[in-house]
Structures are given as structure tokens and as C-alpha cells.
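Please open the model in the viewer and keep the sequence panel at hand. The stops below move from a single residue to its surroundings and then to the whole chain.

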Amino acid sequence: MERLTKKLGPHPYSLIFTAAFALLFGGLLVYLCIVLGRDQAAVGLNLLVSLLGALSGWALGMFFSPIDARDAKRLQFVGKTVGAFISGYLLAKVDPFLAEQVKLATESPSKVNWVRVGLCGASMLLGTVVVFVNRAYSGPGERQRPQPSPSLAPVSPRGSSLKSAS
């Protein structure tokens, strides 16, 4: 147990079970993409939709699990930038298409390819969980994280601390 804790951090079993289930569910998603596709083009589209969902989940998992304050600040900036892009430019360009798709879905839900919606959603959820668990539970625990020490403070050549510049 101690060897696992040294290599994987304070929650090794969470990481191991997440990786095992990610492989299992990822394999199942690929299998479903192949089985539910009627021809090679449909299989390719299923895989593309699943890949898009997984990459979106990866981004969400990173956004919701910053490693430290610096990472949180950087991710917050990226989140604001992407949010502004999506709400300002992309939504304006995609809005007519989305409105038409929503109209079609409400008029005849049987025409919506719910299989692809499910593949995208499942891949997104799997990607989010895997990235979140790995970022949140790996590495040293709070009590093991290196803390600043006065002995590590920069020292001038004369031996005095660099606290004041005057």
C-alpha cells in the first residue's frame, strides 16, 4: 500500500479503479460505435461524435479540477475567453442551425439520431470523470505538498535577505 501511495498519491485505489473502468467503458463505447453503424461512413461518424464528446469532457474535467491557485487563475481566464467566443460569435453563427434542429426534434423526435446524442454524452461524461479524478486525486496530499520554508528564501551575496530593495 505504501508503494502505491508513493507512486500515485493518497488515493491510489480511486485512480486504479477509474483507469480500469475508463478502459472498460471506453472499449464499450468504441464497440457500440462499430455495432450501431450501418456502414463504414456511419461508424466513422459515430466515432467522430464520441471523440468530440470525449475531448469536450476532457476540457470540462480540467476546468473543474485545477491543481493549484495558478492553474485555477489560468483556467478561469481560458474559460472566460472560450465562453465569450461561444456566446458571442459561435452561437450567432450556429443559432439558425440549432433552432431548426430543435424544431425538427420537437415535431418528430423519432428523426433525431439519439444513438449519436447518447454516444457523445457518454463519452463526455467518461472524459470528465477520468480527467477530474486523475487531477483531483493524484499527486501528493495536502500534508505532503512542499511548503515554502524560510531557509529556501533568496539570499543576497552578503548573507542578508532580499526583503527590502533600499
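In this tour a helix is a DSSP run of H or I of at least four residues, numbered from the N terminus. On that basis, select Leu29, which lies in helix α2. The model is a predicted one, and every stop should be read accordingly.

**Stop 1: Leu29**

Is Leu29 buried or exposed? Its relative accessible area is 13%, and because buried means under 20%, Leu29 counts as buried. Now display its contacts, leaving aside neighbours within four places in sequence: Leu119, Ala122, Ser123 and Leu126 should appear. Next, add Leu47 and draw a C-alpha to C-alpha distance from Leu29: the two are 18 residues apart in sequence and 8.7 Å apart in space.

**Stop 2: the nonpolar core**

Keep Leu29 selected and add Ala22, Cys33, Leu119 and Leu126; together these five residues form the largest nonpolar core. Helices α2 and α5 each supply at least two residues of this core. Which helix gives the largest share? It is α2, with three residues. Two of the core members, Leu119 and Leu126, were already met as contacts of Leu29.

**Stop 3: helix α3**

Move to α3, residues 40–63. Its 24 residues, at 1.5 Å a residue, should span 34 Å, and the C-alpha atoms at its ends are 35 Å apart, in agreement with that expectation. Select Ala42, Val43, Asn46, Val49, Ser50, Gly53, Gly57 and Gly61, which are buried in α3. What covers these buried residues? The covering elements include α2 (12–35) and α5.

**Stop 4: α3 against α5**

Show α3 together with α5, residues 114–137. The two helices pack at an angle of about 35 degrees, and their axes are 6 Å apart. The crossing of α3 past α5 is right-handed. Colour the contact by residue class to find 12 nonpolar, nine polar and two charged residues.

**Stop 5: the whole protein**

Finally, clear the selection and view the protein in full. It has five helices and zero strands, and its elements run α-α-α-α-α from the N terminus on. Colouring by burial brings out the 19% of the 166 residues that are buried. Among contacts between residues at least 6 apart in sequence, 69% join residues at least 24 apart.

Notes: Residues are numbered from 1 along each chain as its sequence is written. This is a predicted model: local features need pLDDT of at least 70, side-chain atom pairs count only at pLDDT 80 or more; totals for chains, interfaces and linings use all residues. Side-chain values use heavy atoms; hydrogens and water are left out. Axes are lines fitted to C-alpha atoms, for helices over the stretch in contact, and angles run from 0 to 180 degrees between N-to-C directions. A crossing is left-handed if the near helix is turned anticlockwise from the far one by less than a right angle, and right-handed if clockwise. Ala, Val, Leu, Ile, Met, Phe, Trp, Tyr, Cys and Pro count as nonpolar, Asp, Glu, Lys and Arg as charged, and the others, Gly among them, as polar. The expected span of a helix is 1.5 Å times one less than its number of residues. Buried means under 20% relative accessible area, exposed over 50%, partly exposed in between (1.4 Å probe, protein chains only). Contact means heavy atoms within 4.5 Å. A nonpolar core is a set of buried Ala, Val, Leu, Ile, Met, Phe, Trp, Tyr and Cys residues joined through side-chain atoms within 4.5 Å.
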